[in-house]
Amino acid sequence: MERYVEIIRDGLTLRGMMHVPDDLSQPVGMVILLHGFCDDRNEINFVHTELSKRLCKDGIASVRFDMNGSGESDGRFEDMTVSSEIKDAEAMLAYVQAQDFVDPHKIALHGTSLGGAVASMVAGRHKDEIKALSMWCPAPDLIYNLREHKTLCGTDVSDIEQIQCADAEGLKMGYAFYQDCFQLDPYKDAARFDKNVNIVHGDQDITASCQCSYKYKEIYQERANLLIVPGAEHRFMSFAYRKARMESAENFLRKELK
């Protein structure tokens, strides 16, 4: 079953879709899916929609909301920050924990690109509430590069302090996003998470370097499975690349939550 859902976070309505298996004779596992920068709850080429449907057939529930300022959720994109997305994810976690059909010991986070970095940070901050972490091409370097080099996904934004914004694929990234990056250390938060992790990255990714995933592997060590897909770029735009990361995530989440 698929149904539209809403939650309120600090006065903002976050809008999303929940997938619930037909058999609820016992509590089921739940995956919270977090989309990337400039995307929405479906993700590029609908990969989060497909993953949700696959998980539902496996008997695992999932929910995917538009972050504040993205998709159909309230707020303006230019007011969004990584910290505000962390708050969104924490509100999603509280929401699924309140559902009586959800097994509270089987809640996982999955994130793509910046959503992967956010997922890792939330997993670290809520390690006792999260069973497993799945990431596709996680992009913590968006945060580190913006504050250290004034680059945004490879684009020079060295005038950000002067003009108080940056052009993010035609969307206005606000100055607050830049300022917020100085308050964050994604790897430090991520390192607190002490359970199993699955990571998929393409070796031709120039938006989020696959070095990010090597760093996560270094942090999580034997608890992390890292799949580097030869030839794949950030959006995994081929049948074979898409299949590889979809099956890797689905198999991992099925093993952890069933």
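The residues that line the largest pocket divide into 10 nonpolar, 8 polar and 7 charged, and I would like to start there, keeping in mind that what we are looking at is a predicted model. The space in that largest pocket comes to about 380 Å³, and of the 25 residues that line it, the ones closest to its centre are Phe37, Cys153, Glu169, Thr207 and His234. If you ask which elements of secondary structure contribute, helix α4, covering 141–149, strand β7, covering 151–152, and strand β9, covering 165–168, each supply at least two residues of the lining. Helix α4 has the largest share of that lining, with 3 residues.

The second largest pocket holds about 240 Å³ of space, and its lining is made of 16 residues, of which Asp23, Gln26, Val28, Gly59 and Lys258 are the closest to the centre. Here the strands β3, residues 28–34, and β5, residues 102–112, each give at least two residues to the lining, and by character the lining residues divide into 7 nonpolar, 4 polar and 5 charged.

Let me turn to the cysteines, since Cys153 has already come up among the residues closest to the centre of the largest pocket. How many disulfides does a search of the whole structure find? The search finds 0, and two of the sulfur distances show the reason. For Cys38, the closest cysteine sulfur is the one in Cys153, and because the two sulfurs are 7.1 Å apart, they are too far from each other for a bond; the cut-off used for a disulfide is 2.5 Å. For Cys212, the closest cysteine sulfur belongs to Cys210, and at 8.4 Å that is likewise too far for a bond. Cys212 also counts as buried, because its relative accessibility is 4%.

Next, the aromatic residues, where the structure holds 8 aromatic pairs. In one of these, the rings of Tyr144 and Tyr187 have centres 5.3 Å apart and planes at 20°, so this pair is stacked; the planes of a stacked pair have to be under 30 degrees apart. Tyr144 sits in helix α4, whereas Tyr187 sits in helix α7, residues 186–190, so the pair ties together parts that lie 43 residues apart in sequence. Are these two tyrosines buried or exposed? Both Tyr144 and Tyr187 are buried.

A second pair, formed by Tyr178 and Phe182, is edge-to-face, with 5.2 Å from centre to centre and 90° between the planes. Its two members have separate burial classes: Tyr178 counts as buried because its relative accessibility is 2%, while Phe182, at 44%, counts as partly exposed.

Going back to the stacked tyrosines, ring pairs link Tyr144 and Tyr187 with Tyr216 and Tyr220 into a cluster. There is also a charged neighbour to point out on the structure, as Lys215 lies over the face of Tyr187, at 5.9 Å from the ring centre.

My last stop is Ala89, which lies in helix α2, residues 82–97. Ala89 counts as buried because its relative accessibility is 0%. If you would like a reference point for finding Ala89 on the screen, Lys53 is 36 residues from it in sequence and 20 Å from it in space, taken C-alpha to C-alpha.

How values were computed
Residues numbered from 1 in each chain as written. Predicted model: local features only at pLDDT ≥ 70, side-chain atom pairs only at ≥ 80, totals over all residues. Heavy atoms only, no water. Buried < 20%, exposed > 50% of the residue type's maximum accessible area, 1.4 Å probe, protein only. 1 Å grid on protein atoms, 1.4 Å probe; cavity = no way out; pocket = protein on both sides within 12 Å on 5 of 7 lines; lining within 4 Å. Points joined across faces, edges and corners; volume = space filled by probe spheres on them. Helix = DSSP H or I, 4+ residues; strand = E, 2+ residues; numbered from the N terminus. Nonpolar A, V, L, I, M, F, W, Y, C, P; charged D, E, K, R; others polar. Phe/Tyr/Trp six-rings, centres within 6.5 Å; stacked < 30°, edge-to-face > 60°. Lys NZ or Arg CZ within 6 Å of the ring centre and 35° of its normal.
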